[in-house]
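Morning, everyone. Please pull up the structure, and I will walk you through a few spots in it.

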Amino acid sequence: MAAGLALTAFGAVLWPDIVSAARPRAVSRAPTWLDDLRAKGWQPNNPTALVLAEAPLVTALYLGRADFYIHPEGYERYAYQDGAVARSLYTPAVLLKQAGD
């Protein structure tokens with residue numbers, strides 16, 4: 001009995017969200033930051049263009065690579081030492097920990 005009452009109350013509270021989630025949405029095709037990059041001549045295979053990222057895995061997914069990245073705090077969990085530089089665990093991006101790196 002209590003379970004049925006709780007389920008009914010829970011369903012009543014969530015009903016507007018369920019209706020909203022089921023409603024079809026208009027798809028927006030406004031320009032994205034990737035469209036802007038391409039319009040400015042970005043070529044992922046250009047070896048002279050350096051990619052600096054805050055999230056190297058996401059950047060590598062969208063742009064194909066991340067050359068350098070910044071992660072000011074708690075980077076140790078997501079980086080490994082590769083000779084004189086620290087690198088992202090998931091991409092070959094070099095970690096810039098402080099000015100001058």
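Let's start with one polar atom of the Asp67 side chain: it lies 2.8 Å from the backbone nitrogen of Val51. Keep in mind that this is a predicted model.

So where does Asp67 sit? Look at the loop between α3, residues 56-63, and β2, residues 68-70. Its side chain has another polar partner. That is the side chain of Arg65, at 3.2 Å. Now the wider surroundings. Setting aside residues up to four places away in sequence, Asp67 touches Ala49, Leu50, Val51, Ala93 and Val94.

On to Arg65. Arg65 is found in the loop between α3 and β2. Is Arg65 buried or exposed? Its relative accessibility is 18%, and the cut-off for buried is under 20%, so Arg65 counts as buried. We have met one contact of its side chain already, the 3.2 Å one with the side chain of Asp67. The Arg65 side chain also reaches a backbone oxygen, that of Asn46, at 3.4 Å. Which residues surround Arg65? Leave out the neighbours within four places in sequence. Then Arg65 is in contact with Trp42, Pro44, Asn46, Ala49, Leu50, Val51, Thr59 and Ala60.

Next, Gly64. Gly64 also lies in the loop between α3 and β2. Here the relative accessible area is 60%, and exposed means over 50%, so Gly64 is exposed. Along the chain, Gly64 and Asn45 are 19 residues apart. In space, their C-alpha atoms are separated by 8.6 Å.

Now a strand residue. Ala53 is found in β1, which covers residues 52-53. Ala53 has 5% relative accessibility, so it counts as buried. What does Ala53 touch? Not counting residues up to four places away in sequence, the list is Thr59, Ala66, Phe68, Tyr69 and Ile70. For a distance, take Val19. Ala53 and Val19 are 34 residues apart in sequence, and their C-alpha atoms are 39 Å apart in space.

Last stop, the hairpin. β3 and β4 form it, with two residues between them. β3 runs over residues 79-82 and β4 over residues 85-88. In which sense do β3 and β4 pair, parallel or antiparallel? Antiparallel, over four bridges. One of the bridge pairs is Asp82 with Val85 in β4. In the turn, check Gly83: its phi is positive, about 70°.

To recap the loop between α3 and β2: Gly64 is exposed, Arg65 is buried, and the side chain of Asp67 makes a polar contact with the side chain of Arg65. That's my tour. Questions, please.

Note on methods:
Residues numbered from 1 in each chain as written. Predicted model: local features only at pLDDT ≥ 70, side-chain atom pairs only at ≥ 80, totals over all residues. Heavy atoms only, no water. Pairing = 2+ DSSP bridges. Polar contact = N/O pair within 3.5 Å; in protein donor to acceptor, adjacent residues only side chain to side chain. Contact = heavy atoms within 4.5 Å. Buried < 20%, exposed > 50% of the residue type's maximum accessible area, 1.4 Å probe, protein only.
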